[in-house]
Amino acid sequence: MSTADISEPTAHHGQPLARDDAQDLADADRGFVAGLDPCVVRDADGRVVWDNDAYAFLADDCPPTAHPSLWRQSRLVARQGLYEVLPGIYQVRGLDLSHITFVEGERGVLVIDPLISAEVAAAALALYREHRGERPVTAVLYTHSHIDHFGGVRGVVDEADVAGGRIPVIAPAGFLAHAVSENVFTGPAMARRAGYMYGALLPKGPAGQIGCGLGQTTSLGSIGLIAPTLHITETGQEEVIDGIRMVFQLTPGTEAPAEMNFHLPDLRVLCVAENACHTLHNVLTLRGALVRDPSAWARYLTETLRLFAGTTDIVFASHHWPTWGQERAVRFLEEQRDAYAYLHDQSVRLINAGLTGSEIAEELRFPPALERAWHTRGYYGTLSHNAKAVYQRYMGWFDGNPAHLWQHPPVAAATRYVEYMGGADAVLAKARTAWEAGDLRWVAEVVHHVIFAEPDNAEARALQADALERLGHGAESGPWRNFYLMGAAELREHTTGTRTPAAGRTPIAPDLLAALTPEQIFQSMAVRLNGPRAGDQRLLLRWEIAAPPAGTDGAGGLATPETWTLLLSNGALTPMPGDAPRGEKPHATLRLARTTLNAVLSGATTFPDEIAAGTVTLDGDPQALLTFSALLDKPDPAFPIVTP
């Protein structure tokens with residue numbers, strides 16, 4: 001896209017913005033080597049999995065349908081191509097939500113954080129090699145356990161080279177367990193909400209999806225995972241790979257449960273993973289996750305400064321652009337640290353003053369220096385929803401008011417609200433008065449009740465869609481904008497889930513499924529069990545799982561065969577390693593390879609088909625397996641969000 005100057009934002013739907021000093025623009029363009037032309041990536045079937053050219057409209061001035069600050073951020077983030085950080089370190093940006101980094105060694109190149117999808121990672125590597133030569137990949141490094149930092153690994157290395165010990169894969173301690181565990185319990189729900197958060201299938205344009213603050217959106221290609229072979233287990237651990245000397249700092253429980261920064265002392269360069277970016281990050285991501293600890297986040301950034309500030313001239317992350325110069329790098333890290341510390345400490349102070357999460361969100365503001373810093377603005381995380389997350393972390397869902405202890409669920413409450421307010425027509429008339437007064441938040445709240453009481457009320461759906469769209473156009477946060485616009489789209493189209501990328505994918509990628517331990521697999525079955533229907537059943541199923549041959553896919557951490565017993569009683573499923581307690585005889589015993597179990601769980605085959613084929617042996621009562629399978633719900637990847 002054009003490198004024309006970014007227009008100066010003005011006050012708009014929130015706190016006034018500082019004058020743009022153009023430093024971010026200079027940094028975002030610094031070291032540009034070449035772009036990908038066209039910047040469109042397709043899979044083997046010709047399906048588009050990434051289209052950065054769709055954001056060419058961002059070269060224009062900010063329209064009334066976008067927050068000027070988010071428009072500015074999106075223009076910076078949408079820049080794409082190969083960039084030199086300094087001689088020997090290169091990044092390809094603008095090919096996914098995250099960036100991929102290449103550090104040149106003595107024989108080849110170290111690849112850092114290979115994006116979400118194999119197709120975009122391969123395109124990035126090809127662009128790098130086009131301008132830097134056919135250097136072999138000599139190592140891969142995952143900075144943390146989120147999918148946008150490892151999912152494209154099969155686009156840059158062959159697993160046989162990793163298994164053969166020719167290419168190490170480096171990751172922080174606990175990486176594999178955390179990389180797959182997020183998908184075990186609530187993966188389908190998170191995927192549905194991620195479709196709202198990133199807006200990957202919203203139309204790109206001035207009135208549509210313009211980015212998500214952290215990156216533009218998520219690629220839609222093939223997700224993979226190759227297990228690490230070299231684990232970083234302590235801060236200060238030093239490794240030399242292909243002549244590249246790295247000193248590591250573990251930062252667990254910050255932006256990800258398994259994460260690490262690392263320093264390149266010979267180059268005076270620091271990689272801060274996703275712990276310090278050019279936006280305020282999420283304490284609780286809107287797609288759903290466990291609440292993060294901003295206090296620990298701040299403490300680890302303090303440690304980062306103590307360990308590396310005096311020997312660092314450049315800081316880069318796997319999102320956005322680097323910061324050059326020791327003084328600027330230190331100030332950037334200090335302000336990021338102070339933002340998370342302030343967010344945590346002041347939220348807790350207000351909790352102890354008796355404020356609820358929503359009250360804290362309305363009151364909390366950064367001090368002037370942090371308000372003036374572009375990189376602490378709420379392009380991705382926001383002070384509003386992060387303050388509520390801190391409240392949730394310490395206090396939970398209940399605000400202490402007994403009136404909120406046993407409230408009606410949404411439809412029942414909506415029906416009563418609408419009746420008390422004089423019926424749907426009266427509510428909509430009052431909502432239009434609020435619309436004229438500019439109180440869009442109140443419009444969205446009250447019309448929500450009409451829709452949940454009368455889902456087919458066309459006037460309510462149209463008014464709510466208009467309100468959500470206007471709220472989206474005024475949002476400085478990319479995820480807020482995308483949530484609002486996705487809700488508006490689904491209300492207008494009378495659809496749910498058709499714009500969700502996950503609706504076209506299996507709930508979990510095959511590589512991630514293969515990395516699950518047997519216990520995680522059986523726990524995933526436990527949360528799919530329909531307890532009310534299973535309440536009067538008692539079943540014992542014994543599973544004898546054979547490990548696949550060494551070096552093959554699907555081991556799931558199995559080095560030797562494992563035996564597990566599943567006990568179904570009182571509507572609860574209890575996985576137990578080994579035999580049943582007290583020598584109770586199982587109703588059925590299944591003997592199968594782990595790869596066969598993976599194939600069944602992925603939906604590629606069924607237990608009856610595999611039994612017929614002889615790849616699954618069943619001893620005992622065949623009806624027991626059928627009964628058990630029938631009690632497992634299939635998650636809905638397209639459940640309604642803005643309608644009941």
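Reader: In what order do the five strands of the open sheet come, and is the pairing parallel, antiparallel or mixed?

Author: Some ground rules first. This is a predicted model, where local features need pLDDT of at least 70, side-chain atom pairs count only at pLDDT 80 or more, and totals for chains, interfaces and linings use all residues. Residues are numbered from 1 along each chain as its sequence is written, and side-chain values use heavy atoms, with hydrogens and water left out.

Author: Now the general idea: helices (H or I, at least four residues) and strands (E, at least two) are DSSP runs numbered from the N terminus, and two strands pair if DSSP finds at least two bridges between them. Here the five strands run 19-18-17-20-21 in an open sheet, with mixed pairing. Strand 19 (572-577) and strand 21 (616-620) are the edges with a single partner strand each, so one side of each has no neighbour in the sheet.

Reader: How much are neighbouring strands of this sheet turned against each other on average?

Author: For angles, axes are lines fitted to C-alpha atoms, for helices over the stretch in contact, and the angles run from 0 to 180 degrees between N-to-C directions. In this sheet the average turn between neighbouring strands is 20°, direction ignored. For one pair in detail, strand 17 (residues 538-546) and strand 18 (residues 562-569) are antiparallel over eight bridges, with Arg542 bridged to Thr565 in strand 18.

Reader: Which strands does helix 18 touch?

Author: Contact means heavy atoms within 4.5 Å. Helix 18 (residues 518-526) packs on the sheet against strand 17, strand 18 and strand 19, at about 15° to the direction of strand 18. Helix 20 (residues 594-601) also packs on the sheet, touching strand 17, strand 20 (588-593) and strand 21, and its direction makes about 100° with that of strand 20.

Reader: What is the order of the eight strands in the open sheet?

Author: Reading along that sheet gives 1-4-5-6-7-8-9-10, again an open sheet with mixed pairing. Strand 1 (32-34) and strand 10 (230-232) are its edge strands, each pairing on one side only, and the twist from one strand to the next averages 25°. Inside it, strand 5 and strand 6 are joined by four bridges in the antiparallel sense, with Gln91 opposite Thr101 in strand 6. Helix 3 (residues 118-132) lies across strand 1, strand 4 (81-86), strand 5, strand 6, strand 7 (109-112) and strand 8, at about 35° to strand 6.

Reader: Is Asp96 buried or exposed?

Author: Buried means under 20% relative accessible area, exposed means over 50%, and partly exposed is in between (1.4 Å probe, protein chains only). Asp96 has 3% relative accessibility, so it counts as buried. Asp96 sits in the loop between strand 5 (89-93) and strand 6 (100-104). Leaving aside neighbours within four places in sequence, its contacts include Trp50, Leu115, Ile116 and Thr217. A polar atom of the Asp96 side chain lies 3.0 Å from the backbone nitrogen of Ile116.

Reader: How many residues of strand 13 are buried?

Author: Five of the five residues in strand 13 (residues 260-264) are buried. Met260, Phe262 and Leu264 point one way, while Asn261 and His263 point the other. Strand 13 runs antiparallel to strand 12 (residues 244-250) over four bridges, and Gln249 stands opposite Asn261. With strand 14 (residues 269-271), strand 13 forms a hairpin that has four residues in between, and Arg268 in the turn has a positive phi of about 60°.

Reader: How many aromatic pairs does a search of the whole structure find?

Author: Rings of Phe, Tyr and Trp (its six-membered ring) pair if their centres lie within 6.5 Å; planes under 30 degrees apart count as stacked, over 60 as edge-to-face, the rest as tilted. The search finds 16 pairs. Phe57 and Trp71 have ring centres 5.8 Å apart and planes at 55°, so this pair is tilted. Both residues, Phe57 and Trp71, are buried. For Tyr142 and Phe175 the centres are 4.8 Å apart and the planes at 20°, so the pair is stacked. That pair links distant parts of the chain, 33 residues apart. Ring pairs also link Phe522, Trp543, Trp564 and Phe607 into a cluster.

Reader: Where does the charged end of Arg93 sit?

Author: A charge sits over a ring if NZ of Lys or CZ of Arg is within 6 Å of the ring centre and within 35 degrees of the ring normal. Arg93 has its charged end over the ring of Tyr83, 4.2 Å from the centre.

How values were computed. Polar contact = N/O pair within 3.5 Å; in protein donor to acceptor, adjacent residues only side chain to side chain.
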